[in-house]
Amino acid sequence: RPSIYLRVNTLKINRDELINQLNDMGIKTSKVPMIEEAIKVENLKNIENNELFKQGLFTIQDISSMMVGKVMNPEENSMVLDVCSAPGGKTTHIATLMNNTGKIVARDIFDHKLQLIQNTVDRLGLENVEVESFDASELDKNSLDKFDYVLTDVPCSGLGIIRRKPEIKYKAK
């Protein structure tokens, strides 16, 4: 069974404080080296009903996905475009790394995915993310030369979660 990792919402709490609160709930935690906002957890059940999750103190995200924001290393007040944003983990991490400054445009083409992104943005208390419907396969002339960073996970292959869903490697392209 693959490990579960949390990404601390550093806009609301620091890692040590969250670890203490999780430990008080009987959840076993450990720090992840090299990613200061990552926590490995064991015996965390019913995540959506966890009060700390509902308060937006953390979100679930694999280490491989967290690495994207760390490698991008966006500066505060930057303009970022995420063209295939759903479910929004990388977008919200980048927004947090930018300390809720600048602007991130999070795009997808499916309404239910856009709503998923918006729900996460709202739960985490992010104000620098704009969610919009747009097809990444179409040229957006209004976006040319507008953004400092562009994230393109096209198509979202799911390879970052292959340990959780090994059947992904057998899907026909």
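**Exercise 1. Find the loop that holds P87, and work out what is special about the bond before it.**

Step 1. Look between β5 and α4: P87 sits in the loop that links them. Please keep in mind that this is a predicted model.

Step 2. Now check the peptide bond between A86 and P87. Its omega is about 5°, and the bond is cis.

**Exercise 2. Lay out the elements of the protein in order.**

Step 1. Begin with the count: the secondary structure consists of five helices and eight strands.

Step 2. Walk along the chain from the N terminus. The order you meet is β-α-β-β-α-β-α-β-α-β-α-β-β.

Step 3. Add some overall figures. The protein has 173 residues, of which 43% count as buried. Its exposed area is about 9,900 Å², with 49% supplied by carbon and sulfur atoms.

Step 4. Ask how far along the chain contacts reach. Among contacts with a separation of 6 or more, 69% are between residues 24 or more positions apart.

**Exercise 3. Describe the sheet that contains β5, and the helices that lie on it.**

Step 1. Put the strands in order. This open sheet has four strands, arranged β7-β6-β5-β8 with parallel pairing.

Step 2. Find the edges. β7 and β8 each have a single partner strand, so one side of each is left without a neighbour in the sheet.

Step 3. Consider the twist. Ignoring direction, neighbouring strands here are turned by 20° against each other on average.

Step 4. Zoom in on one pair. Strand β5, residues 79-82, is joined to β8 by three bridges, and the two run parallel. Within this pair, D82 stands opposite L151 of β8.

Step 5. Add the helices. α4 lies across β5, β6, β7 and β8, and runs at about 175° to β6. α5 also packs on the sheet, where it touches β6 and β7, and its direction makes about 170° with that of β7.

**Exercise 4. Do the same for the sheet that contains β1.**

Step 1. The order in this open sheet of four strands is β2-β3-β1-β4, and the pairing is antiparallel.

Step 2. At the edges stand β2 and β4; each has a single partner strand, so one side of each lacks a neighbour in the sheet.

Step 3. The average turn between neighbouring strands is 35°, direction ignored.

Step 4. Three bridges connect the antiparallel strands β1 and β4. Here L6 stands opposite I60 in β4.

Step 5. Helix α3, residues 63-72, lies across β1 and β3, at about 30° to β1.

**Exercise 5. Test whether the length of α5 agrees with its residue count, then see what covers it.**

Step 1. Helix α5 covers residues 111-124, which makes 14 residues. At 1.5 Å a residue, the helix should span 20 Å.

Step 2. Compare this with the model: the end C-alpha atoms are 20 Å apart, which agrees.

Step 3. List the buried residues of α5: L114, I117, T120, V121, R123 and L124.

Step 4. Look at their cover. It includes β1, α2, β4, α4, β6 and β7.

Step 5. Step past the end of the helix. G125 follows α5 and has a positive phi, near 75°.

**Exercise 6. Is T91 buried or exposed, and which residues does it touch?**

Step 1. Locate T91 in helix α4.

Step 2. Buried means under 20% relative accessible area. T91 has 0%, so it counts as buried.

Step 3. Setting aside neighbours within four places in sequence, T91 is in contact with D82, S85, I104, A106 and V129. With D82 there is a polar contact between the side chains, at 2.6 Å.

**Exercise 7. Place F147 and find its partners.**

Step 1. F147 belongs to the loop between β7 and β8, and its relative accessible area of 15% makes F147 buried.

Step 2. Not counting residues up to four places away in sequence, F147 touches M79, V80, L81 and V105. F147 and V80 are 67 residues apart along the chain, yet their C-alpha atoms are separated by 5.5 Å.

**Exercise 8. Compare the settings of N73 and N99.**

Step 1. For N73, phi is near 50°, a positive value in a residue other than glycine. N73 lies in the loop between α3 and β5, and at 55% relative accessibility N73 counts as exposed.

Step 2. For N99, phi is positive too, near 55°. N99 is in the loop between α4 and β6, and with 38% relative accessible area N99 is partly exposed.

Definitions and conventions. Residues are numbered from 1 along each chain as its sequence is written. This is a predicted model: local features need pLDDT of at least 70, side-chain atom pairs count only at pLDDT 80 or more; totals for chains, interfaces and linings use all residues. Side-chain values use heavy atoms; hydrogens and water are left out. The expected span of a helix is 1.5 Å times one less than its number of residues. Buried means under 20% relative accessible area, exposed over 50%, partly exposed in between (1.4 Å probe, protein chains only). Contact means heavy atoms within 4.5 Å. A polar contact is a pair of N or O atoms within 3.5 Å; within protein, one must be able to donate a hydrogen and the other to accept it, and residues adjacent in sequence count only if both atoms are side-chain atoms. Two strands pair if DSSP finds at least two bridges between them. Axes are lines fitted to C-alpha atoms, for helices over the stretch in contact, and angles run from 0 to 180 degrees between N-to-C directions. Accessible areas come from the Shrake-Rupley method with a 1.4 Å probe; for residues, only the protein chains shown count as cover.
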